[in-house]
Structures are given as structure tokens and as C-alpha cells.
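Student: I've got a new model open and I'd like to go through it with you. Can we take it piece by piece?

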Amino acid sequence: MIRSAYLHAIENGYYFYHEADSGSIGMNPFKVPRFSEDDFREIIEKLHGNKIDESTTKTPDFLVGQIAIELKDLQTESLFDKDRQVSIGKIFKQYPGKFVDLYPLLNYGELTAPFHTLIQNTVKNHIKKASKQIKALKETQTISNAGIILLNTGMFTLPHELLKSFVQGILDNNTRTIEFAFIFSQRMQTNGFDTYAVFPSGFIGRVPDEIRILESETDKMVEAKMTQLMQDLLNVNAIVSMHPISFLQNGKIFYWHPGKIMGGMTKHFERD
């Protein structure tokens, strides 16, 4: 195995071996809860809002007074998608070298814009769908303002601040229906002994005063869930740990890695 890998690398300039990773070593019983639409429904109800009943016509999820809110969840890591891998391979076809680090905050020169556009289109599609649903509701009742709650529960290679900038650009240039967004990201990493977890959130756009409390209520929800977690480690809908991803396209090895945990449990991690 080692010799054949060495000979392949000598001949081709690289050797690539891929092995599936479940995202958790399984030695650490500490599970980090995955937040969902149900959790935010509880918060909306605290704001004297309600979940809109489902019907044959697609409508947004929530209504607070005359403010319509749709919730969209980024549950899937796009680097696992074969079509996305092919698209990335095409973008970086002329990139020098055999290895490409897909950390989105890196500067790839003229290739940065098309790479970011590829990622941004995933977010844009969710916002387009939300806009259509809100427009459908406007046909039957008066809506004074509309927004979106965007959960990033699975696309862990997309940094929170970059996601915010993508959403800001979409609200500025691609929609007149959605005036604000609340973005909530979940990131967790474990090495089997220590665990790192953060839940950054924040608003973008023209936010109605009666909705701003959503941010502080979300912080309370996270604190309550994490406290409850310590009391019941088994019955938890948990998020998957961030872990390295790699694939081969056009003779290049593409990879992403989350960095290493530094300083013990829930302290911080360091991206090399």
C-alpha cells in the first residue's frame, strides 16, 4: 500500500486516498443539540406570533402580527455533493499546483468571485423560494413586512461572517419582498475527548422593532438547551462534528479542514 502510493506520487505528482469519516470518534458522550424549526416556533409564540397552517399553497412558516417570516435550514454540506465537486473542479482547473484548500475566506485571486458565487447560489435559491411563499401569502392577507430565518445547521464549511455577507448581498440586489434576515449558525467539533461548540447569530436588513427580541430569545434558548443537555445525554437530536473533507477532480486534490481544537472543552479551535 505504502510503496504503491509512493510510486504513484512519483509518477503523477500526487497520491489521493479517500476514506469516509462519520464526523465523530464516538468516545465523547457529550452531544451538542441540533436546533430546528420547532425550537424557533416556540420563540415565535413567545413573540405572540404563530405557525401558519399548511395548505395546498406554499406559504411562509410564521406570522407575527402583519410580519411574515419563512424559515430555511441549510442542512447539507455542499462539498459532499458530486455535482458541486465537478463545478469546483472546473473553476479551479487552471489553478497552479495539485492541491487546493477550499477554505472560503482564502484569496484565490480572480477565482475567488466564481467560487463565492457558487456557494452564494445555494443560499440564493433558499431566499428565492422564501420570497415566492411570502408573495403567495400577500395575495390573501395584508403583510407589512417580511423576513427570513436562515439556519446553518449542516453546511459547516461556510463561515458565519461570510454567510452574513452573502445574505446581505442577496437582500440588497435580488429581492424586494424580503426585507430582513436572522441568521443562526451551529458549529461543533470534537476530537473524542474535548468538544468545541458555538452558535453565532445576528440580524441583517430592515428589522421591525417587535422582531429584534428574537436574538436575545435565541441566546436564552441555546443556554437552556445546553443546560438540559447535561441532564440527559442520550435523548438529544445532535449536530455532527466538523471534520476534514477531500475529493479528487481534474487531477487536483481538493480539501477542507476545520482546524484543531486548542485549550480544552468548548474553548476555541484554530484553523491552520
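Student: Leaving aside neighbours within four places in sequence, which residues is T59 in contact with?
Tutor: Keep in mind that this is a predicted model. T59 sits in the loop between β1 and β2. Once its neighbours within four places in sequence are set aside, the contacts of T59 are I52, D53, E70, Q133 and L137.

Student: Does T59 count as buried or exposed?
Tutor: The cut-off for buried is under 20% relative accessible area. T59 has 17% relative accessibility, so it counts as buried.

Student: OK, zooming out: what is the strand order in the open sheet of six strands?
Tutor: The pairing in this sheet is mixed. Its edge strands, each pairing on one side only, are β1 (50-51) and β9 (201-205). Reading across, the order is β1-β2-β3-β5-β6-β9.

Student: Which residue in β9 stands opposite I183?
Tutor: Start with the strand pair: β6, residues 180-185, and β9 are antiparallel over five bridges. Across from I183 in β9 you find G202.

Student: What angle does the direction of helix α2 make with that of β2?
Tutor: Helix α2 covers residues 37-46 and packs on the sheet. It touches β1, β2 (62-64), β3 (67-74), β5 (145-152) and β6. With the direction of β2, that of α2 makes about 15 degrees.

Student: And at what angle does helix α4 run to β3?
Tutor: Helix α4 takes in residues 112-138 and lies across β2, β3 and β5. Its angle to β3 is about 150 degrees.

Student: Back to α2: within what arc do its buried residues fall, seen down the axis?
Tutor: The buried residues in α2 are D39, F40, I43 and I44. They line one face of the helix, because down the axis of α2 they fall within an arc of 140 degrees.

Student: Which residue just after α2 takes a positive phi?
Tutor: Look just past the end of α2 for a phi of about 65 degrees. The residue is H48.

Student: Now the hydrophobic side of things. Which helix gives the largest share of the largest nonpolar core?
Tutor: Nonpolar side chains tend to be buried together in soluble globular proteins. Here the largest nonpolar core has 42 residues, and I88, F92, L102, V123, L150, L163 and V167 have the most contacts inside it. Elements that each supply at least two residues include β3, α3 (82-91), β10 (245-249) and β11 (252-256). The largest share, eight residues, comes from α4.

Student: How many residues are in the second, separate core?
Tutor: Among its members are I43, L47, F62 and L214. The size of this second core is 28 residues.

Student: What about S165: how far is it from I204 in space, C-alpha to C-alpha?
Tutor: S165 is in helix α5, residues 160-173, and at 39% relative accessibility it counts as partly exposed. In sequence, S165 and I204 are 39 residues apart. In space, their C-alpha distance is 9.2 Å.

Student: Last one: what share of the contacts with a separation of 6 or more joins residues 24 or more positions apart?
Tutor: For the overall picture, the protein has six helices and 13 strands, and buried residues make up 50% of its 272 residues. Of the contacts with a separation of 6 or more, the share from residues 24 or more positions apart is 70%.

How values were computed
Residues are numbered from 1 along each chain as its sequence is written. This is a predicted model: local features need pLDDT of at least 70, side-chain atom pairs count only at pLDDT 80 or more; totals for chains, interfaces and linings use all residues. Side-chain values use heavy atoms; hydrogens and water are left out. Two strands pair if DSSP finds at least two bridges between them. Helices (H or I, at least four residues) and strands (E, at least two) are DSSP runs, numbered from the N terminus. Contact means heavy atoms within 4.5 Å. Axes are lines fitted to C-alpha atoms, for helices over the stretch in contact, and angles run from 0 to 180 degrees between N-to-C directions. Buried means under 20% relative accessible area, exposed over 50%, partly exposed in between (1.4 Å probe, protein chains only). The arc is that of the directions from the helix axis to the C-beta atoms. A nonpolar core is a set of buried Ala, Val, Leu, Ile, Met, Phe, Trp, Tyr and Cys residues joined through side-chain atoms within 4.5 Å.
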